[in-house]
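Colleague: I'd like to learn how to read helix packing and RNA contacts in a model like this one. Could we go through it together?

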Amino acid sequence: MLGAKVWWHREVPARPHLPGAALQTPEEDDTVQRILSSQLKAYSGQTVTVAGWIHRRRLLKSVAFLILRDAEGLTQIVITEPSPRAQLEELTEPSDRAQLEELTEPSPRAQLEELTEESVVEVTATVTLNEQAPGGVELVSPVIKTLAKAAELPFELHRPALTATLPTQLDHAALALRHPSRRASLKVAAAATAGFRAALSEQRFVEIQTPKIVASATESGADVFRLDYFGRPGYLAQSPQFYKQMMVGVFERVFEVGPVFRAEPSDTARHLSQYTSLDAEMGFVADHRDVMAMLTRTLGVMMATITARARTQTPKVPSEIPSVPFAEALRIAGADRDEPDLAPADERAIGEWALREHGSEFVYVTGYPMRKRPFYTHPDPVDPTYSNGFDLLFRGMEIVTGGQRLHRYDDYVKAIQAMGEPLEAYAGYLDAFRYGMPPHGGWAIGLERFVARLLGAANVREVTAFPRDLHRIAP
RNA sequence: GGUCCUGUGGAGCAGUUGGAGUGCUCGCCGCCCUGUCAAGGCGGAGGUCGCGGGUUCAAGUCCCGUCAGGACCGCCA
């Protein structure tokens, strides 16, 4: 009958006192404190409020599970009350049912049956330790408040691995990135960046920001994006190189984390037209080996930070990373000794060699031919056809380029004239050397390549939130 | 830029010698199920076989073009 007591007529439970003074101040006493999935175990027996996305529903006849996803992970919420339909049929005469359904609030069970995956909900429920529950803790007797409903998903998000192909994921990036695996790779990138900053800051490096809109496409000419800058030609910066060198004259040691833009028509699994460059430049070095030592130290801190913050296993960075001269690298790879550069297959072979002979996942290749390096590269004093430049290979892929730079004004004048270019185009840059610069050098780490190698991703796009390439400019 | 490969319900695939839009895994909808955890069981809906042209009695299948995607190479981080 209508007078029958229906269980879901219920007040929201009064908020209990929460442990930890930091979580509760007198002013907040009447507000509901949101608890993250990772904190739940500390609240055993208490009623708390959690909120997040519906990761997955599992509906059985008399028990239902709501798997909630928040910033920290997953929470299982259990609804053991029978379905509203079963309740209605049990408690009412058939003639009263329609009226009863109109008069009663929807039960949590009924709400869950209506909600789709990825809808956003707030749940107030009691924390219960239960060995049957994933992670040993779950929430029971929930009151569910819907914050937003989600449309039907284009692909499943609840499985351990994303089943959609990469193009499908990238087309729906806002959704695909929510998957724990995609989210984890972005967290690794964030930890790598944090480690980079921490390592260099404690070595007296100063973080700088350099312009991404530049006046001339000087470094290599062709591979830049042109733009209309108030009616004049402008370009997107393909590197902070000139600016970080200029700033060595100010701080001695500088670094930058920022985007670089490459208009190269390179359509591969390791190329992006915008990527994140982890740049550093340091003054008063003897030669490129001082730069390599600082890079090695930095990589060690980056790995430690990734392990700590992203809970990801990282390979050991040797205190001294094996280093092979360019000609030796060609020999190891079995390449033609006249080759001016290492092909991707050569890099893979050298990576395998370093692991086999030195137990290192990292290997430096030093002394590239000058003709393959940019004009500001410092030549090897012993043989000026070779350079004091280096690359760092990680698991067989080039992830860092660095080296010692020219630092004397006259050397720059000669190098620019040798390219057949006018000095005026480099006037602002040359000022740094005209007015005195120490011997210096630096490097640039490709963040996406680094993370892809670390996580074993076949394509840098898998670890990039919104990749930009030859074919993709949205989303 | 070059070479090769792939386009089949919402997702991922298979489709034989050219013979009816055939099949698989998942999702979705309905029903069943008291502990799921990538839940399970039964049933159902959902298709311009990327697009255009050609060959053929007949094309998802063969040929040409085109668009989209992928792999490798070149080049780079």
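Modeller: Happy to, and let's begin with a helix pair. In this predicted model, the axes of helix α6 (residues 180–201) and helix α8 (residues 288–310) come within 7 Å and cross at roughly 135 degrees. Helices are DSSP runs of H or I with at least four residues, and strands are E runs of at least two, numbered from the N terminus. Axes are lines fitted to C-alpha atoms, for helices over the stretch in contact, with angles from 0 to 180 degrees between N-to-C directions.

Colleague: What does that angle make α6 relative to α8?

Modeller: Under 35 degrees counts as roughly parallel, over 145 as roughly antiparallel, 65 to 115 as roughly perpendicular, and the rest as oblique. That makes α6 oblique to α8. Residues in contact (heavy atoms within 4.5 Å) include Ala191, Gly195 and Phe196 of α6 and Val301, Met302 and Arg309 of α8. By class, this contact of α6 with α8 has 12 nonpolar, three polar and two charged residues. Here Ala, Val, Leu, Ile, Met, Phe, Trp, Tyr, Cys and Pro are nonpolar, Asp, Glu, Lys and Arg are charged, and the others, Gly among them, are polar.

Colleague: How do α7 and α12 lie to each other?

Modeller: The axes of α7 (residues 241–251) and α12 (residues 427–434) come within 9 Å and cross at roughly 30 degrees, and α7 and α12 are therefore roughly parallel to each other. Phe242, Gln245 and Met246 of α7 meet Gly428, Tyr429, Ala432 and Phe433 of α12. That contact has five nonpolar, two polar and no charged residues.

Colleague: Now the RNA: which residues come nearest to strand B?

Modeller: A residue is near a strand if one of its heavy atoms lies within 4 Å of it. Of the 48 residues around RNA strand B, Arg58, Glu138, Glu156, Arg270 and Arg449 come nearest. Sugar and phosphate make up 60% of the strand's atoms that come within 4 Å of the protein.

Colleague: Which element gives the most to that surface?

Modeller: β15 does, with four residues. β15 spans 397–405. For polar contacts, look for a pair of N or O atoms within 3.5 Å. A polar side-chain atom of Thr401 is 3.2 Å from a phosphate oxygen of RNA strand B, and a backbone N or O atom of Ile399 lies 2.9 Å from a sugar or linking oxygen.

Colleague: Any reading notes?

Modeller: Residues are numbered from 1 along each chain as its sequence is written, and chains are lettered from A and ligands numbered from 1 in the order written. In this predicted model, local features need pLDDT of at least 70, side-chain atom pairs count only at pLDDT 80 or more, and totals for chains, interfaces and linings use all residues, while side-chain values use heavy atoms, leaving out hydrogens and water.

Definitions and conventions
Polar contact = N/O pair within 3.5 Å; in protein donor to acceptor, adjacent residues only side chain to side chain.
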